[in-house]
Amino acid sequence: MNFKNLSLIVITLLMVMVLSFSAAAQDTLVVNTYTSDPAPRKAMKELVAQYEEMNPDVDVELNITAHEDFKQAIRVWLTSDNPPDVFSWFAGNRAGYFVDRGLVMDITDVWEEENFYEKFPKAFQSISVYDGKAYFLPHNYYWWSVFYRESIFEEYGLEEPQTWDEFLEVGETLKENGITPFAIGTKFRWTAAAFFDYFDMRINGAKFHKDLMAGKIPFTDDRVADVFEKWKYLIENDYFIENAAAYSWQEALQFLNSGDAAMYLMGQFILDATSEEVSKDLDFFRFPIIDKEVPVAEDLPTDGFMIPKKAPHPELAKDFIAFLGSVEGQRLFAEDLGRLVTNKNMDAEVYDGLTLKGREMIDNTDELAQFYDRDMDPELADKTMDSLMAFWYAPENYRNIMEEMEAHRQNFIND
Amino acid sequence: MELSLHQKKRIRQGIIFMALLIFTIVWLLPVFGAVLTSIRTMDDIMDNGFWSLPEAVTFKNFATAWSEGNLNTYLKNSFIITIPSLIGTLALSSLVGFALAKYKFKGNMFIYLMFVAGMLIPFQILLIPVFRLSNYLGIYNNYWGLIMIHTVFQMGFCSFFLRNYMITIPEELSEAARIDGASEFKIFYKIYLPLSLPAIAALATLEFTWIFNDYIWALVLLRDDRLKPVTAGLATLQGNFITSWSVLVAGAILATIPTVVVFVFLQKYFIRGLTMGSGK
Amino acid sequence: MKRKYIPWAFLSIPLTFYSIWVIGPTIYTMYLSLTEWDGMTAPEFQGIDNYLKLFNDPIFYTSLVNNIKWLVIFMAIPVVVGLFLAILLSKEIKWARGYKAAIYSPMILAPVVIGLIWSWIYQPQGGLLNNTLTYIGLEGLTRGWLSNPNTALYAVIGAAVWRHTGYVMLLFLSGLTAISPTVIEASRIDGASAWQRFRYIILPLLKPTTVIVIVITMIQSLRAFDFVSMMTRGGPFNSTNVLAHYMYTEAFKNYNMGYGASIAVVLFAIMFIFIVMYLRQIRKGELE
């Protein structure tokens, strides 16, 4: 009967499939990262090549996934029976999330053996060590600041402002000359969150800011109103390009490039995104001081690495982690990418130009934060960033916005 | 009289021709935009805007996309995943379509609805359950995990499509064959399948683009880059902060070439299938 | 083999696979909608809490309304334009193949690139749309299409329509090729006008194709996801959010698998009702 034949064929096919399951096991170190931007991708590849050269018997398989997708895929990887051996991840709330759920491996032994407690600045311990155990290897970080076109500042005889009043003067001069002070693309919201971070840290200080991010302080607090007041002033006085929400941050760069806008509150990676000519013309200054009494704090998003609890090759993975914490394992990121790295023993010569200036700025910083959506619970961050966008459209309604953000916080607490 | 009718027709055709031409040019503007983006440098885009004419034409983006996006590996993977899935889903669905179209039996409507329901599921929600299933079966991070979900998930639509087509095939044909002593399977294989070829070809075209363009399943069911399809390769050309748009678009254009080939191929098949169908 | 087993013999293998990969996970999802789950640790059963939350969630309603707008526009524009183009191009027209290829072309372009290019078309400054409007003297209409909460949804749908029209045309073309030209020729000789031929001959003969097109269009508009995720991620403040995208954000970005599952179940139920109603209508027609 023909049915039988067909069934036989299908069953045979099934058998072949079942047999082909066993193709997975090989002895390579699997490293999954989100370094998909052109420059970090190259640096990561070279870093892996360097490690392979130092360890000829180890084969490293590097898998690079786009950042947003990585965040989703990682949950699958961590719960599968076959996770990667090492993965890149963000310091802060996002790292804590996996630690709380017991999905990542304790790497205290690596920290002890390599003496990372001494080799990294103290500030990095607080983001890596949970209940006395280290889970995270902080690798590199970048600073946020106000980047600006030197040529435009020169043309109008402007100097880097240090205080809020000086900053407003700069802004007024620019506007008088038909230049928008800030380029910004808020389509994906986080660029707006940066302004919230900075106003909050400058007005209320890092302690308050961290508690607010952690959901410990109501958003209806009057001190949050101060943040919106200052921010509202900038929005209402045309400090930002029109229709900012139509652009991704990278698309909005065109205004900085064309000279229609003079400044951009952004992370160091802005230097990789502009054309060479414009890059040379960029300099930066610290987000202006609003209240002298408040200790200076900066957003310093830190990227690092973790090992999944079920990593198939924990020993190899730990060795790779140790390498990533060493001067050798960080040099490329400092030298070629202009990122700041965590190992204090990195020779100062590798930093040049703006990176050096960035390092100096951080050395004179009292407190550090990660970034709005790295410090906050993901859902709360997602919901409140929508509120920030609503604020952008109707800044006079900030009291309502605060109520709305508070409602989200209440949901977060109750969950 | 004869002549003026002819003239009228020519004028009308001329108008249609012009209207179509203009419509098509406007329709293609985004495609031109894509091509324009792919042949210029990022610095050029950043300095002059997206819709300006390029300062200089370069084909370097294609080379970069090919090597950075690992397109040769990824394209190969795309075919390894798409072709078996396509064959599998068409084979299984034609069995379902035939059974549902040909036989009246208790449960027919229920099963039909079940397949209809299958195509309505917002598939994103199945990602984690199916991942767990694949992990349990040991086909996670393996081509088979992807092939299976594509094959089975696409059955919903394909069965619906083929059942609706096969129900139009007249019963007399199979009656005649049955009298000649043909088995039920033979009726399926020798009558229904050939007569459904135009439908299957149309379906195959659609399904090919759907399976080939899938990205989310690949993201969740595969861990290693060496196994991923070309959509994943394109996705890694998108950065966290910085995307080289020109390279991304160049990569996407390269990735469409196989689809174009399949389209051209299936179009021919379409027509052949049709002539077979009308030759009955 | 007994006659009543015959259909089951054909169905056995497909149904086995289907149960494992689709029905099982779907039932599991329904269960998940009654739990609180981060997708990693064990799900926690909590009854209908997610649904109660859902029915008080303003974003859910915004997304639902957006889906309905999407559905209405998708039924109106791509279906009609696609049918029109298919009929036009099924005739012997100069360069018909070229036109067909041009109109399909969006189908084969990666969605991420379509999203990117369309974002640039809508760009407020220097975007193709605003430039064109300015050029033809309609400067008053220019705006930030994607940043304006009143236009953003329609702008996103515009890009989706562009792609979907190709699919519709393809399906109608395949339907038209199956219609014997002699039938149409006969009616022409009988003196039927172009509209009459279309209304009384072509359209009824195209009915099977039309069912497929309408069903696909419904599914595509209710499951709309790609373009929202690429062009706006639901913003500005959810004005372009749709249920599939909201579900995805909740389940995958905010780690609320349980809540995401409840959105999925509701979305599924809505589609199911729509489609079953439609198919019943069709079946009535088939029986008569």
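UniProt positions are given here in the numbering used for this model, feature names are shortened, and annotations may be inferred rather than shown by experiment. With that in mind, the unreviewed UniProt entry annotates residues 75-266 of chain B as "domain: ABC transmembrane type-1".

Some ground rules. This is a predicted model, where local features need pLDDT of at least 70, side-chain atom pairs count only at pLDDT 80 or more, and totals for chains, interfaces and linings use all residues. Residues are numbered from 1 along each chain as its sequence is written, and chains are lettered from A and ligands numbered from 1 in the order in which they are written.

Back to chain B. Residues 75-266 are 77% helix and 0% strand, and the C-alpha atoms at the two ends of the span lie 19 Å apart. Helices here are DSSP runs of H or I with at least four residues, strands are runs of E with at least two, and both are numbered from the N terminus. The domain assignment, which is automatic or from a database, splits out domain 1 (1-34) and domain 2 (76-244) of chain B. Their centres, taken over C-alpha atoms, are separated by 39 Å.

Next, chain C. Its secondary structure consists of 13 helices and 2 strands, and the C-alpha trace spans about 75 × 70 × 30 Å along its principal axes. Of its 288 residues, 49% are buried, meaning that 20 or more other C-beta atoms, placed from the backbone, lie within 10 Å of the residue's own.

Which chain does chain C touch with 66 of its residues? That is chain B, which contributes 65 residues to the contact; contact means C-beta atoms, placed from the backbone, within 7 Å. On the chain C side, H1(C) gives the most, with 14 residues. That side divides into 53 nonpolar, 10 polar and 3 charged residues. Nonpolar covers Ala, Val, Leu, Ile, Met, Phe, Trp, Tyr, Cys and Pro; charged covers Asp, Glu, Lys and Arg; the others, Gly among them, are polar.

Chain C also meets chain A, with 24 residues of chain A in contact with 23 of chain C. H18(A) supplies the largest share of the chain A side, 7 residues. The chain A side has 12 nonpolar, 4 polar and 8 charged residues.

Last item, within chain A. Strands S1 (residues 29-33) and S2 (residues 60-64) of chain A run parallel, joined by 5 bridges; pairing requires at least two DSSP bridges. A:Leu29 has A:Val60 in S2(A) as its bridge partner. From S1(A) the chain passes through helix H2 (residues 38-54) of chain A to S2(A), a right-handed β-α-β crossover: with the strands pointing away from the viewer, the path from the first strand over the helix to the second runs clockwise.

Technical notes
Contact = placed C-beta atoms within 7 Å. Buried ≥ 20, exposed ≤ 12 C-beta atoms within 10 Å, placed from the backbone.
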